[in-house]
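Open the model in your viewer and keep the selection panel handy. We will take a short walk through it, one stop at a time.

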Amino acid sequence: MIIQKSSNPRISTFDPSNFSFGNTFIDHMIICEYENGKWGDLQLIPYGPIGFTPAMMGVNYGQACFEGMKAYKDNDGQVFLFRPEKNFERINKSAKRLAIPEISEEIFMNGLKALVDIDREWIPQGEGMSLYLRPLLFATEEALKARISEKYMFAIVATPAKSYYTAPVSVKISDHYSRAASGGVGAAKAAGNYAASFYPTQLAIEEGYDQIIWTDDCSHEYFEESGTMNVFVRINDTIYTPKTSDKILDGVTRDSFLQLAERRGIDVVIGDVKVTDVIEAQRNGTLKEVWGVGTAVVTSIFEALGYQGEHLTLPKLSPEESFAEQLKNDLVNIQTNKAEDTFGWRVLVEENVYGV
């Protein structure tokens with residue numbers, strides 16, 4: 001690994017009680033370039049701009065994907081990653097679907113751990129606090145040709161994070177727009193998936209909602225995801241969530257919630273979640289909770305659903321009554337080393353292993 005430490009670190013200016021998620025970047029980043037059929041040396045360098053031209057193929061043809069993950073600091077100052085092997089597997093799954101060369105586990109893991117180690121001071125401590133990590137893969141060849149690129153970059157950047165949604169949100173059930181189509185790239189964490197979601201989301205916001213529940217592209221009869229999250233529905237004391245497919249992202253937080261629910265003995269049904277069943281459950285009083293899960297948000301509880309002009313409110317449950325809250329607490333306690341990790345999900349980032 002080539003290491004170039006920042007000559008002008010900004011950590012002394014970082015105020016963990018006053019920062020903007022997604023706009024505050026740590027002192028360093030990771031890059032690794034692909035050329036002539038192979039990945040080059042991993043580089044840890046100061047965070048900053050990289051020179052590209054508007055003819056870069058990733059910009060023109062969309063060969064770009066990424067991951068979202070976090071590092072956590074416990075009360076003793078130890079730093080942990082959470083299930084990084086799942087993100088490694090998924091970024092290569094996305095890469096394969098987008099015809100991007102896959103990266104090795106050594107490049108991915110060494111880059112993550114070295115970056116988190118050198119900038120561990122940027123990880124804020126406290127409830128809801130973490131360091132959000134964004135590994136990326138994108139085409140860099142300068143060519144206006146609609147073909148597979150011959151040059152790529154792997155990069156990791158990071159921003160301190162705090163609680164994403166602090167209050168329940170209202171969501172609109174889409175009956176026109178879809179996040180993904182069968183045979184498409186919905187199961188990949190492709191950059192273009194997010195671009196395509198912004199316009200329908202903005203329309204929902206203009207109607208007074210915070211997010212969208214995406215439905216299937218054929219009939220709009222079934223739940224798929226919510227915003228950038230996997231979605232869960234609780235009817236009576238059973239949790240329902242859509243099965244993953246080529247249209248639905250296989251979320252790490254989703255998988256963790258499912259295993260935690262099983263440990264608690266909560267009944268879970270993985271399969272089709274029909275919109276009309278959810279609406280009927282709301283009307284007859286058996287719909288207890290609907291929520292979304294994802295790396296950035298962890299858990300976002302919904303207070304109302306919008307559907308075909310109706311505004312349907314959901315029950316307000318106490319933390320003790322809410323499955324969403326219970327499972328979130330179970331997850332966060334494992335991530336932050338406040339509970340025993342019986343699953344083996346927590347990965348300690350040792351200090352100075354990479355000479356940083």
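**First stop: the largest cavity**

Start by selecting Tyr72, Phe82, Thr253, Thr295 and Gln335, the residues that lie nearest the centre of the largest cavity, out of the 13 that line it. Keep in mind that this is a predicted model. The volume of the largest cavity is about 100 Å³.

Which elements each supply at least two residues of this lining? They are strand E6 (69–73), H5 and H7. Colour E6 on its own, since E6 gives the most to the lining of the largest cavity, with three residues. Colour the lining by class and you will find six nonpolar, six polar and one charged residues.

**Second stop: where H5 meets H7**

Stay with the two helices that you have just met in the lining. Select residues 252–264 for helix H5 and residues 323–335 for helix H7. At what angle do H5 and H7 pack? The angle is about 110°, and their axes are 10 Å apart. That makes H5 roughly perpendicular to H7.

Now show the side chains at the contact:

- On the H5 side, pick Thr253, Ser256, Phe257, Leu260, Ala261, Arg263 and Arg264.
- On the H7 side, pick Ala324, Gln326, Leu327, Lys328, Asp330, Leu331 and Ile334.

By class, the residues of this contact between H5 and H7 are seven nonpolar, three polar and four charged. Thr253 is worth a label here: this residue of H5 meets H7, and Thr253 is also among the residues nearest the centre of the largest cavity.

**Third stop: the second largest cavity**

The structure holds two cavities of 30 Å³ or more, so go on to the other one. Select Arg179, Asn193, Tyr194, Ser197, Trp214, Gly227 and Thr228, which line the second largest cavity. The space inside amounts to about 50 Å³.

Next, highlight helix H4 (residues 191–206), which gives the most to this lining, with three residues. The lining of the second largest cavity has two nonpolar, four polar and one charged residues.

**Last stop: a salt bridge**

Side chains of opposite charge can pair when their charged atoms come close. In this model the count comes to 15 salt bridges. For one of them, select Arg10 and Asp27, whose side chains meet at 3.6 Å, N to O. Both Arg10 and Asp27 lie in the loop between strand E1 (2–3) and strand E2 (28–35), so the pair ties together parts that are 17 residues apart in sequence.

Conventions:
Residues numbered from 1 in each chain as written. Predicted model: local features only at pLDDT ≥ 70, side-chain atom pairs only at ≥ 80, totals over all residues. Heavy atoms only, no water. Axes fitted to C-alpha atoms, helices over the stretch in contact; angles between N-to-C directions. Helix = DSSP H or I, 4+ residues; strand = E, 2+ residues; numbered from the N terminus. Parallel < 35°, antiparallel > 145°, perpendicular 65-115°, else oblique. Contact = heavy atoms within 4.5 Å. Nonpolar A, V, L, I, M, F, W, Y, C, P; charged D, E, K, R; others polar. 1 Å grid on protein atoms, 1.4 Å probe; cavity = no way out; pocket = protein on both sides within 12 Å on 5 of 7 lines; lining within 4 Å. Points joined across faces, edges and corners; volume = space filled by probe spheres on them. Salt bridge = Lys/Arg side-chain N within 4 Å of Asp/Glu carboxyl O.
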